[in-house]
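User: I'd like to go through the labels on this one and see what backs them up. Can you take me through it?

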Amino acid sequence: MSRHRFPVAPTDPGMHDYTAPQITTLLGELNRRGLPHGLLWGSAAPGGTTLDGRILVDFGHAPVSTLLHLLHLLHLLHLLHLLRDLGGGEHG
């Protein structure tokens with residue numbers, strides 16, 4: 001049932017393919033999913049800075065891979081809440 005997901009390295013060639021509009025969409029998703037958990041990055045935006053061709057996200061100059069990992073963690077948190085709710089809310 002569990003499928004391993006290995007972290008994406010900031011140097012992964014796929015990180016070169018993200019455009020500023022795609023990153024803006026991902027940041028919107030991060031804000032939407034993170035808000036209930038107190039994760040607020042209202043000023044985060046695709047940075048004008050690039051590192052070896054990768055656009056940096058301007059919330060501490062993080063690579064796109066960091067943004068993807070944060071979204072994945074929020075997804076896992078959501079799944080844990082669903083499982084807890086299915087179990088009657090006794091655990092947790």
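Analyst: Here's a quick run through the salt bridges and exposure labels. This is a predicted model, where local features need pLDDT of at least 70, side-chain atom pairs count only at pLDDT 80 or more, and totals for chains, interfaces and linings use all residues. Residues are numbered from 1 along each chain as its sequence is written, and side-chain values use heavy atoms, with hydrogens and water left out.

User: What makes R32 and E29 a salt bridge?

Analyst: The term asks for a side-chain nitrogen of Lys or Arg within 4 Å of a carboxyl oxygen of Asp or Glu. The closest N and O atoms of R32 and E29 are 2.8 Å apart, so the pair qualifies. Both sit in helix α1 (residues 20-34), three residues apart, about one turn of the helix.

User: Why is R32 called exposed?

Analyst: Exposed means over 50% relative accessible area, buried under 20%, and partly exposed in between (1.4 Å probe, protein chains only). R32 has 55%, so it's exposed. E29 has 24%, so that one is partly exposed.

User: How do you know that E29 and R33 form a salt bridge?

Analyst: Their N to O distance is 2.5 Å, so the cut-off is met. R33, at 28% relative accessibility, counts as partly exposed.

User: What about R84 and D85?

Analyst: That salt bridge has its closest N and O atoms 3.5 Å apart. Separately, shared partners join E29, R32 and R33 into one salt-bridge network. The structure holds three salt bridges.

Notes: Helix = DSSP H or I, 4+ residues; strand = E, 2+ residues; numbered from the N terminus.
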